[in-house]
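Welcome, and please load the model in your viewer. We will go from stop to stop, with something to select at each one.

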Amino acid sequence: AWLQDDGILVTTANNVGLLRIPGGGGASKPFTSLNAGELSHRWPRELPDASAVLYAVWNDVGFEGSRIVAQRPGSTDRITILEAGGSYPRVVRDAGRD
């Protein structure tokens, strides 16, 4: 996922968290780290205001147990958005709210 600050979030393997790579090149840095029972963090999506990133957390009980979480850049705290069966997070704007 390309970030508004020109960074890129990637998953480089099936057993790692997300890495942040500068858009202009350079060394990657961990954006997320796996907790016990987690296998991978996947499909990051930055919120339109860049306040947080949504991503899927795959775990050791299979795809049905995956969940969607939100995490602010620079923080390790997460908020669970969808507890089970979550993948490919997306942001949908409510057209009725401006």
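Start by selecting A50: at 27% relative accessibility, this residue counts as partly exposed, because the partly exposed class lies between 20% and 50%. A50 sits in the loop between β4 (38–46) and β5. Check its backbone while you are there: phi of A50 is near 65 degrees, a positive value in a residue other than glycine. Keep in mind throughout that this is a predicted model.

**A second positive phi**

Now select D6, in the segment before β1. Which sign does the phi of D6 have? It is positive, at about 75 degrees, although D6 is not a glycine. With a relative accessibility of 42%, D6 counts as partly exposed.

**Zoom out to the whole chain**

Show the full chain as a cartoon. You will find seven strands and zero helices, so the pattern along the sequence is simply β-β-β-β-β-β-β. The C-alpha trace spans about 40 × 35 × 20 Å along its principal axes. How does the radius of gyration agree with that of a compact globule? For 98 residues, such a globule would have a value near 13 Å, and the chain has 14 Å, which agrees.

Switch on a surface next. The chain exposes about 6100 Å², and carbon and sulfur atoms supply 52% of that area. Of the 98 residues, 32% count as buried. If you colour by charge, look for 10 positive and 11 negative side chains; the centres of these two sets lie 3 Å apart. For a contact map, take the pairs of residues at least 6 apart in sequence: 27% of those contacts join residues at least 24 apart.

**The sheet β1-β2-β3**

Select β1, β2 and β3 together. These three strands form an open sheet in the order β1-β2-β3, with antiparallel pairing. Its edge strands are β1 (7–10) and β3 (29–30), each of which pairs on one side only.

Now narrow the selection to β2 (residues 19–22) and β3, an antiparallel pair joined by two bridges. Which residue of β3 is the bridge partner of R20? The partner is K29.

Stay in β3 and pick P30, which belongs to this strand. P30 has a relative accessible area of 65% and is exposed, because exposed means over 50%. Leaving out residues up to four places away in sequence, P30 touches L18 and L19. Try a distance label too: the C-alpha atoms of P30 and G17 are separated by 7.2 Å, with their positions 13 residues apart along the chain.

**β6 and its partners**

Select β5, β6 and β7. Strand β5 (residues 53–59) runs antiparallel to β6, and five bridges join the two. To see one pair of facing residues, highlight V57, which stands opposite R67 in β6.

On to β7 (residues 78–82): four bridges join it to β6 (residues 67–71), again in an antiparallel arrangement. Two pairs are worth labelling here. V69 stands opposite T80 in β7, and the bridge partner of A70 in β7 is I79.

Follow the backbone from β6 to β7 and you pass through a hairpin with six residues between the strands. In that turn, select G74, which has a positive phi of about 85 degrees.

Is β6 mostly covered or mostly open? Mostly covered: five of its five residues are buried. Show side chains and view the strand from each face in turn. R67, V69 and Q71 lie on one side, I68 and A70 on the other, and all of them are buried.

**Last stop: S66**

Finally, select S66, in the loop between β5 and β6. Is S66 buried or exposed? Its relative accessibility is 0%, so S66 counts as buried.

Expand the selection to the contacts of S66, leaving out residues up to four places away in sequence. The residues it touches are V57, W58, N59, E83, A84, G85 and G86. One of these, V57, is the residue you highlighted earlier opposite R67 in β6.

How values were computed:
Residues are numbered from 1 along each chain as its sequence is written. This is a predicted model: local features need pLDDT of at least 70, side-chain atom pairs count only at pLDDT 80 or more; totals for chains, interfaces and linings use all residues. Side-chain values use heavy atoms; hydrogens and water are left out. The radius of gyration is taken over C-alpha atoms; the globule rule is 2.2 Å times the number of residues to the power 0.38. Buried means under 20% relative accessible area, exposed over 50%, partly exposed in between (1.4 Å probe, protein chains only). Contact means heavy atoms within 4.5 Å. Accessible areas come from the Shrake-Rupley method with a 1.4 Å probe; for residues, only the protein chains shown count as cover. Lys and Arg count as positive and Asp and Glu as negative; His and the chain ends are not counted. The place of a charge is taken as NZ of Lys, CZ of Arg, CG of Asp or CD of Glu. Two strands pair if DSSP finds at least two bridges between them.
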